[in-house]
Amino acid sequence: MRTTRFSKITRLVLAAFVGFTTALAFAPYNLWPIAILSPAILLLLIHQQTAKQASAIGFMWGFGFFSFGISWVHVSIDTFGGMPKIASIALMALLASYLALYPALFTGLLNRFFPKVNLTRFILAAPTLWLISEWLRGWVMTGFPWLWLGYSQIDSPLKNLAPVGGVDLVSFACLLIAGPLAYSLLTKRWKALLVPVIIAAVSASLNSVHWVELNPASTT
């Protein structure tokens, strides 16, 4: 009993820490590989968990992520809004808690409807549900489209996918790499890593495409 309880607490704390570090993938830090490794670790943390447990893990991941990622909200309210520091921190924590509901939705739905460890879960369901959760976050109540994973890839090879499908496709690609990585670590079936290789090859090939042409009239 103690071991199980300790394991649950450890997963929650680790999820919050991993989520917290995910903000380092964005400017001004630009450590873009974290945006791929972090979802992979999240998928490992919810392995063999119930939908309720997975939702709690996803929530803690999201709370850590947004607590760091939107910390500027506290600075803005405190410095420019003149609100007491405790009140500004409370408002930021409340907003981070709301935004964390969407990663919780992702992990809960994934473990509820796709509990089996197979390629469908990691290559199809996980990227799709992640994309849906990000879209909902950017739409519900006028939307909070901050810190979509795709925005972290402006310095990575995946940026070449942006002209094709925008930030949504880049976010999808992040999970399409993270999913097979988690699957391979869990099952030791390394052939799944061909998916990230293919994505990297496709993205690299798009680097030579010229999406816009210079208007000769603008040079005269």
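**Exercise 1. The overall fold**

Among contacts in the protein chain between residues at least 6 apart in sequence, what percentage join residues at least 24 apart? Then describe the chain as a whole.

*Solution.* Keep in mind that this is a predicted model.
- Step 1. Take the contacts between residues at least 6 apart in sequence; 65% of them join residues at least 24 apart.
- Step 2. List the secondary structure. The protein chain has eight helices and zero strands. Along the sequence the pattern reads α-α-α-α-α-α-α-α.
- Step 3. Turn to burial. The chain has 220 residues, and 41% of them count as buried.
- Step 4. Look at the surface. About 12000 Å² is exposed, with 72% of it supplied by carbon and sulfur atoms.

**Exercise 2. The nonpolar core**

Find the largest nonpolar core and say which elements build it.

*Solution.*
- Step 1. The largest nonpolar core holds 51 residues. Leu43, Ile70, Phe106, Leu110 and Leu158 have the most contacts inside it.
- Step 2. Now the elements. Two or more residues come from each of helix 1 (2-22), helix 2, helix 3 (51-69), helix 5 (85-113), helix 6 (119-137) and helix 7 (162-187).
- Step 3. Helix 7 gives the most to this core: nine residues.
- Step 4. Zoom in on Ile70. Setting aside neighbours within four places in sequence, Ile70 is in contact with Met92, Leu95, Ala96, Leu99, Trp146 and Leu147.

**Exercise 3. Ser38**

Is Ser38 buried or exposed? Find its partners too.

*Solution.*
- Step 1. Locate the residue. Ser38 sits in helix 2 (residues 34-45).
- Step 2. Its relative accessible area is 2%. Buried means under 20%. Therefore Ser38 is buried.
- Step 3. Leave out neighbours within four places in sequence. Ser38 is then in contact with Val18, Thr22 and Trp61.
- Step 4. Check for polar contacts. The side chains of Ser38 and Thr22 are joined by one of 2.6 Å.

**Exercise 4. Two residues of one loop**

Gln48 lies in the loop between helix 2 and helix 3, and so does Gln49. Work out the exposure of each.

*Solution.*
- Step 1. Gln48 has a relative accessible area of 69%. The exposed class starts over 50%, so Gln48 is exposed.
- Step 2. Gln49 has a relative accessible area of 16%, so Gln49 is buried.
- Step 3. Name the partners of Gln49. Not counting residues up to four places away in sequence, Gln49 touches Arg11, Ala54, Ile57 and Asn111.
- Step 4. Check the backbone of Gln48. Its phi is near 60 degrees, a positive value in a residue other than glycine.

**Exercise 5. Helix 8**

Test the length of helix 8 (residues 194-205), then find its buried face.

*Solution.*
- Step 1. Helix 8 has twelve residues, and at 1.5 Å a residue it should span 16 Å.
- Step 2. Compare with the model. The end C-alpha atoms are 16 Å apart, which agrees.
- Step 3. Pick out the buried residues: Pro196, Ile199 and Ser203. Down the axis of helix 8, its buried residues fall within an arc of 60 degrees, so they line one face of the helix.
- Step 4. Find what they pack against. It is helix 7.
- Step 5. Turn to the other side of helix 8. There, Leu194, Val197 and Ile198 are exposed.

**Exercise 6. Backbone details**

Where is Leu147, and which residues does the cis peptide bond join?

*Solution.*
- Step 1. Leu147 lies in the loop between helix 6 and helix 7. Its phi is positive, about 60 degrees, although it is not a glycine.
- Step 2. Leu147 counts as buried, at 15% relative accessibility.
- Step 3. The cis peptide bond joins Ala27 and Pro28, with omega about 10 degrees. Pro28 is in the loop between helix 1 and helix 2.

Definitions and conventions: Residues numbered from 1 in each chain as written. Predicted model: local features only at pLDDT ≥ 70, side-chain atom pairs only at ≥ 80, totals over all residues. Heavy atoms only, no water. Helix = DSSP H or I, 4+ residues; strand = E, 2+ residues; numbered from the N terminus. Buried < 20%, exposed > 50% of the residue type's maximum accessible area, 1.4 Å probe, protein only. Polar contact = N/O pair within 3.5 Å; in protein donor to acceptor, adjacent residues only side chain to side chain. Contact = heavy atoms within 4.5 Å. Areas by Shrake-Rupley, 256 points an atom, 1.4 Å probe, with all protein chains shown as cover. Core = buried A, V, L, I, M, F, W, Y, C linked by side-chain atoms within 4.5 Å. Expected span 1.5 Å × (residues − 1). Arc of directions from axis to C-beta.
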